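Welcome to this guided tour. Open your viewer, keep the selection box handy, and follow the stops one by one.

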Amino acid sequence: MKKKLNVPLTDDKQAEEELNFRNILLTTQLETSIDGILVVDENDIILSYNRRFVEMMSIPRKLIETKNDVLVLKFVTERMMDPGQFLQRVKHLNEYKHETSREEIILKDGKVFDRYSSPMFGKDDQYYGRVWYFRDITERKQTELELLNEKNQLKTIIDSSPISIWFKDTKNNLLRVNEAAAKIANLPVQDVQGHSVDEIFPNESVEYFQDDMEVINSGKPKLGVIESATAKGKITWLKTDKVPWFDKDGNVAGIITFAIDITDRMASEKKIISSELRYRRLFESAKDGILILDFESGEIMDVNPYLIEMLGYSNKELLGKELWQIGVFKNIVASKNAFIELQKAEYIRFDDIPFETKKRKKINVEFVSNVYEVENKKVIQCNIRDITERKKAEEKLQMLAHSIASIQECVSITDNKDRIIFVNDAFLKTYGYSRDELIGAHIHILQPDDVKIKIGYQILSHSINGGWKGEVINQRKDGSLFPIYLSTSVIKDNEGNPMALIGVAADISSQKLAREELIHAKEKAEEMNRLKSSFLNNMSHELRTPLIGILGFTDILEAEIVDPEHRKMISLIRSGGKRLSDTLNLILDLSKTEAENLSLEIKPSNLSELTKMRVANYEGAAIINGLSLKTVINFDNFYINTNERLYSQILDNLVNNAIKFTDKGGIGVILDKEIKTIDGKSESFAVLKVIDSGIGIEKENYKLIFEEYRQVSEGLSRSFQGSGLGLTVTKKFVEKLGGIISVESKVGSGSTFTVKLPAGNIPSDVILTVNENKITTVPEIKTVPPVDLPNVLMVDDDLPTFNVSAMFLKNICRLEYAANGLDSIDAVKKNKFDLILLDINLGYGMNGLSALKEIRNVPGYEKIPAVAVSAYSMSGDKEIFLNAGCDYYLSKPFEKTELQNLVSGILNRSHG
């Protein structure tokens, strides 16, 4: 407001007065403000600050008197917990002058200020500086923190309380529950809150609501209500207190229910009643004598029937008497002193007390007394056990111990508490203890720590139930561990009660060592078998690969050379290569069967057609050797469930053997069917017979011919070539197919080999399926003009293999060569190929499967047909190559027609 002046003033004078007034008013407001105020100009030079700012920042008077803005601001910022953040904010506001800013800052002494900053602009939008306001909100923050802590504490108390707490409104809806309440509902908290009581407890909802309405209408709590809650079939008994809660106007807004789960207590009360009945039955039926005494006087309050029978006194003669007044205790003074000791210690035990019955019979008893409370009154229970028979048995036990003292095995006897009561001399010698060190010691002294808990109880429980046998580790006195074979049995008294445990142990260190050596030998044998398999696999690759060149170039030369002498040489080379190939195949087949790695695909197979086809392959060999070869098949389209490859190999081996060992006459192959009745069921068999007129076999050599590497003629004077594996492999193949093989022969007249294979159940409408992964026959090999030949890439590190393949395929495709994986990738990027023939082992660097993976990433080659042409032919190799992305598989060495048929068939398919 404007100040009134008493004298007229000029306009300038009046303006000056008004300015002074405003300055006074501003200064007054500045100094009386509850906020600390700091005013700085556009260069952050302090223009003004009030007393409150000095007080809040605790700025020393001497520092104020220096009027050094830099030191003042430095002092203020250094008091802050994070001065860097504050100065960064100042820098930001200096860049963005129109911004206002508000935040909380914390000083190192724990004070909290609400800091507000506002720019000062003139009418012409000229920036004059900035006003900083600081309000001390430390108490408010502390109050807020305390309220938050109280809220969190209350929430924690509610949520973690074992008491179930339910907040309900006046319409029976559950507003909030804690974990204990949700547990009663058998649901998560979130599935209970927000739902009606009708949904959660449909059985009791009406009853709950009636109680709630009483509290709502009266505004008074209802305490100690016993009620049940049924959720998912489970009944929980609760003791509940229902308390009203009020809104701000004092009206009842709902109910808070506090509930304690008393299910266990109610069950316990029932158990107590039941327990009392059960105790009485046990008391009366116990096989120990029981006395109940008054704790103060020692008078007999109760006695069970067994003790009456044991002592011969009547119930009337015992009740009301003091314990030492009964005739069984002769020393009254000692008995009274024992009672006083019992009152002090509340427990007393005598392992052996002589008693005398009413009829003067001497007995030995075990006497144990305990003090306990019944309805806040101390009583004494005395258990009296007749151990007369046990004493006699223990005497017999001592006699037994002496009789086994000289046994060579380690013998020990332990009592019912696993305390050692006897060991023989062999035991002491084995374990290194003296007899005094062991007698009375626990049997655990002989067991290492990790065995005590694990095996001790098991041995005891099994021994009591009949005996225990097994290996266990024991420990000598010097700490050394050794294995024993332990046999235990229980020793019982005349009434059949267990009274001791006898153990017979033998040191089996030497046997264990022998067993470990056997295991080591087995592991070494398995390792050698693995190395053998690895060697055979490598040998397969190293021998099969050059055989392609040997046999392939032989085929080519045989077709082109006309000179008879040279043709004879070529024939000998071919025969030698074929012999080497056959021998290699037999060795690998034997390895597969020994390792049991043959994976068999059993399917319906037409044995009639398969037999004709396989025998036809040997017509040329029979003619060359001057032999006849006849096939007799008594059934057309004779199907059985079998593996075609193994059947073909069996037939090939038998026919090949017949030709090899027959120098005149001929060979006959007969396929027939046989039906037998086994256990009342008819079963059919395929019967294959291969008959020759060869050299024959002595009867004593029938078994020998099926053994590995054995022939009828052996050594330096053997009459026939071969590895001696053909019949070994054949027998193993027959057995793999569930069949049997036999031989009948006469020296000089020939032999008959008979194979019987189970036919299995073949559906009448069976349809043979073709295996797409290996083409065996192609109706026609198409040749096309050289200009139109498809392009095929062969990836192989063996150049002879490529040269042979190129000659075999010269009228079928244009074959290009890549010696390694990297060259093959470069080749497919430069040219378009219709097929890839891929060796797997390419020597150093990338293998064939890795190369194929990269090739399929080249655009246009995603689905290029690929043939794995590999010398790896061990069991499972083919499956590995096909699963890794190859479409077909061809084993090295391959025949000319095999390669031609495979490539022609694939290209014919690809080009329609």
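**Stop one: a salt bridge at a loop**

Please begin by selecting Arg 476, which is partly exposed at a relative accessible area of 22% (buried means under 20% relative accessible area, exposed over 50%, and partly exposed in between, with a 1.4 Å probe and protein chains only). Before you go on, a note on what you see: this is a predicted model, where local features need pLDDT of at least 70 and side-chain atom pairs count only at pLDDT 80 or more, while totals for chains, interfaces and linings use all residues. Residues are numbered from 1 along each chain as its sequence is written, and side-chain values use heavy atoms, with hydrogens and water left out.

Now add Asp 507: its side chain meets that of Arg 476 in a salt bridge, 3.5 Å from N to O (a salt bridge is a side-chain nitrogen of Lys or Arg within 4 Å of a carboxyl oxygen of Asp or Glu). Arg 476 sits in the loop between β18 and β19 and Asp 507 in strand β20, so the pair ties together parts that are 31 residues apart in sequence. Helices (H or I, at least four residues) and strands (E, at least two) are DSSP runs, numbered from the N terminus. Asp 507 counts as partly exposed, at 35% relative accessibility.

**Stop two: a network and more bridges**

Select Lys 168, Asp 211, Asp 212, Glu 214, Lys 222, Glu 227 and Lys 242 together; salt bridges that share partners join them into one network. How many salt bridges are there by this rule? The count comes to 36.

For another of them, pick Asp 294 and Lys 377, whose closest N and O atoms are 3.7 Å apart. Asp 294 belongs to strand β11 (residues 289–294) and Lys 377 to strand β15 (residues 377–386), so this bridge ties together parts that are 83 residues apart in sequence. Asp 294 is buried, at 14% relative accessibility, whereas Lys 377 is partly exposed, at 43%.

Next, select Glu 366 and Arg 349, a salt bridge with its closest N and O atoms 3.0 Å apart. Here strand β14 holds Glu 366 and strand β13 holds Arg 349, so parts that are 17 residues apart in sequence are tied together. Is Glu 366 buried or exposed? Glu 366 is buried, with a relative accessible area of 11%, while Arg 349 is partly exposed at 33%.

**Stop three: aromatic rings**

The structure holds 13 aromatic pairs (rings of Phe, Tyr and Trp, its six-membered ring, pair if their centres lie within 6.5 Å; planes under 30 degrees apart count as stacked, over 60 as edge-to-face and the rest as tilted). Select Phe 201 and Tyr 208, an edge-to-face pair with 6.1 Å from centre to centre and 75 degrees between the planes. Phe 201 is buried, at 3% relative accessible area, and Tyr 208 is buried too, at 5%.

Then show the rings of Phe 350 and Phe 367: their centres are 6.4 Å apart and their planes lie at 50 degrees, so the pair is tilted. Phe 350 is in strand β13 (residues 347–356) and Phe 367 in strand β14 (residues 362–374), so the rings tie together parts 17 residues apart in sequence. Phe 350 is partly exposed, at 30%, but Phe 367 is buried, at 5%.

Add Tyr 49, Phe 53 and Phe 134 to see a cluster linked by ring pairs.

**Stop four: charges over rings**

Select Lys 97, which lies over the face of Tyr 127, at 5.4 Å from the ring centre (a charge sits over a ring if NZ of Lys or CZ of Arg is within 6 Å of the ring centre and within 35 degrees of the ring normal). Then go to Lys 673, whose charged end sits over the ring of Phe 635, 4.9 Å from its centre.

**Last stop: a cluster of strands and its neighbours**Finish with Trp 166, Lys 168, Leu 174, Val 197, Phe 201, Tyr 208, Glu 227, Ala 229, Leu 238, Lys 242 and Thr 257, which line the second largest cavity (on a 1 Å grid over the protein atoms alone, a cavity is a set of points where a 1.4 Å probe fits but cannot get out, and lining residues have an atom within 4 Å of a point). Strands β6 (164–169), β8 (222–231) and β9 (234–246) each supply at least two residues of this lining.

How values were computed
1 Å grid on protein atoms, 1.4 Å probe; cavity = no way out; pocket = protein on both sides within 12 Å on 5 of 7 lines; lining within 4 Å.
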